[in-house]
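Take a walk through this structure, one region at a time. Keep the sequence at hand as you go.

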Amino acid sequence: MLNSKYAIIGSGPAAFYAAEAIRKKDREGKLVMIGAEGYLPYFRPLTSYYLAGLVPKEKLFFRQADYYRRQKIEFIKATVTEVKGREKILTFKPLDSDDSDDKEKSNQKLQFAKLLIASGAAPVKPDIPGMDIPGVYVLRTIDDAVKIAARAGKCKKAVLLGGGLVSLKAAYALHKIGLETTLVIASSRVLSQMLDHKGAEIIAAHLAENGIGMVFKNDLAEIRGDGAGVTGVTLADGRQLETDLIVVGKGVKPVTSFLEGSGLHVERGVPVNDRLQTNLPDIYAAGDAALCRDILSSERVLNALWPNAAAQGEIAGANMSGERLVYRGSMRMNATEFFGLPVIAAGLARVQNGAGAPWEIYQVQNSLSLRKEPFYMRLVFQEEYLVGYVIIGESRKAGMLTNLIMSRQPLERGRKERLINGDLSYKILL
């Protein structure tokens, strides 16, 4: 049996920043990171840019292998199959092991003193006839991008299932490399989990102007194919679309199945306290698998976002190595751009007014005289507090708005009015 003072399950941002934080406090304690993808930690949000040919593979990684050797971080390419929390033992299967029925030969055990669960999330695959036909993919990992790129080079058309960020970024990437792309979206708008109706209309119009097709209020009823793979899809309304390639973007769910029987509480994810400890105090959780406090609602939620994972990993790692830091909470936030148009949304950006609703919502929209793209800003207040925003077309001051939300800083009337009138200067913070 192997032994390690620290063990980290996962190789995403939570895992990386936890390892960094541990090494700042403890330079010598043995530290093992177990990654199920087989890759050293990398910037997952850049996989669509890698697919589009905009970022080379070597630029995806946080650090090169030599960094981990210098920091005495042992990286094991393996899948964790079991955790016994109270005994502080985990079982893992190396990626290069055979599929022998003899589990004693293929599985290895590791005894730990402190453990971080940063196992991330996996794409949801809907139950649609034909999902197993060659040419149907998800876009989550480097390997996914490699497989999609290999097929895309022989394709002319692509269908993207879903109107969320993953599907839109995949559509953008495939369009960049020359494919005719069509989004099939069950709801009435794109980015329905990120934007309000008006913001979504602006993004949809921009995508359409740049050649992205969209079918709303529809879904896939069947995927058709032949010996060579996908040939088309049948929509729920009976329409048929030809396609050579399909990317499914229907959300993700935490990877926690290996925790069954571990002694850890598992709900939709792994609940943690404000120090990111689970119900077993020497076991921590961070990132997409962790249920953490939301800074606005104070409820435990899954805000599965890269910046949240990085911040949680850093605090969890520090606490694993002896600190007693408190995690203030996460917040829903996304930022990206499509064909040169930046868009960012944070907090309670999508809420609507209605009877008894506590929100004050203000919208500013115009065409900036010196820029071709549109400008749109939506601010959501609850009494004197900013609790959400959307900005499309000009995002340089988004950090200031994010700080106003995270700090829970009340705005007196004059400062609030300046913000509503479009004054995004830093004097709002004074």
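A residue is called buried under 20% relative accessible area, exposed over 50%, and partly exposed in between. By that scale K198, at 29% relative accessibility, counts as partly exposed. One point before going further: this is a predicted model.

Stay with K198 for a moment. K198 forms a salt bridge with E201, and their closest N and O atoms are 3.6 Å apart. Both residues lie in helix 7, which spans residues 197-209. They sit 3 residues apart, about one turn of the helix. E201 is partly exposed too, because its relative accessible area is 48%. There is a general reason for such spacing to matter. An α-helix has 3.6 residues a turn, so residues three or four places apart point the same way.

Helix 3, residues 65-70, offers another case. Here D66 forms a salt bridge with R69, the closest N and O atoms being 3.7 Å apart. D66 and R69 are 3 residues apart, about one turn of the helix. D66 also meets R70 in a salt bridge, at 2.5 Å from N to O. R70 and D66 are separated by about one helical turn, because they are 4 residues apart in helix 3. How accessible are the first two? D66 is partly exposed, with a relative accessible area of 37%. R69 has 59% relative accessibility, so R69 counts as exposed. Across the whole structure, a search finds 16 salt bridges.

Now turn inward. The largest nonpolar core has 56 residues. Which residues have the most contacts inside this core? They are I8, L90, L115 and L116. Look at L90. Setting aside residues up to four places away in sequence, L90 touches A7, I9, I34, V80, E82, V83, Q108, K109, L110, F112 and L115. Another core lies apart from the largest one. This other core has 40 residues, among them L168, L179, L183 and Y376.

Next comes helix 5, residues 142-152. Which of its residues are buried? They are I142, D144, A145, I148, R151 and A152. These buried residues pack against several elements. Two helices are on the list: helix 2 (47-51) and helix 6 (165-176). Three strands are on it as well: strand 7 (136-138), strand 12 (229-235) and strand 14 (245-248). The N-terminal end of helix 5 is capped by T141. A side-chain oxygen of T141 lies 3.4 Å from the backbone nitrogen of D143.

Strand 7 holds Y137. Y137 is buried, because its relative accessible area is 17%. Leaving out residues up to four places away in sequence, Y137 touches K147, I148, R151, L245, I246, V247 and V248. I148 and R151 are among the buried residues of helix 5. K125 is 12 residues from Y137 along the chain, and their C-alpha atoms are separated by 9.5 Å.

Between strand 7 and helix 5 runs a loop, and R140 is placed in it. Is R140 buried or exposed? R140 has 16% relative accessibility, so R140 counts as buried. The side chains of R140 and D288 are joined by a polar contact of 3.0 Å. Beyond its neighbours within four places in sequence, R140 is in contact with Y42, R44, T47, A121, P123, V252 and D288.

The last stop is a sheet. Strands of a sheet pair through backbone hydrogen bonds, either parallel or antiparallel. This open sheet is formed by 3 strands in the order 11-12-13, and the pairing is antiparallel. Strand 11 (220-226) and strand 13 (240-242) stand at the edges. Each has a single partner strand, so one side of each is left without a neighbour in the sheet. From one strand to the next, the twist averages 25 degrees. Strand 11 and strand 12 pair over 6 bridges. In one of these, G225 has V230 of strand 12 as its bridge partner. Strand 12 also ties back to an earlier stop, since the buried residues of helix 5 pack against it.

Methods. Residues are numbered from 1 along each chain as its sequence is written. This is a predicted model: local features need pLDDT of at least 70, side-chain atom pairs count only at pLDDT 80 or more; totals for chains, interfaces and linings use all residues. Side-chain values use heavy atoms; hydrogens and water are left out. Buried means under 20% relative accessible area, exposed over 50%, partly exposed in between (1.4 Å probe, protein chains only). Contact means heavy atoms within 4.5 Å. A polar contact is a pair of N or O atoms within 3.5 Å; within protein, one must be able to donate a hydrogen and the other to accept it, and residues adjacent in sequence count only if both atoms are side-chain atoms. A nonpolar core is a set of buried Ala, Val, Leu, Ile, Met, Phe, Trp, Tyr and Cys residues joined through side-chain atoms within 4.5 Å. Two strands pair if DSSP finds at least two bridges between them. Axes are lines fitted to C-alpha atoms, for helices over the stretch in contact, and angles run from 0 to 180 degrees between N-to-C directions. A salt bridge is a side-chain nitrogen of Lys or Arg within 4 Å of a carboxyl oxygen of Asp or Glu.
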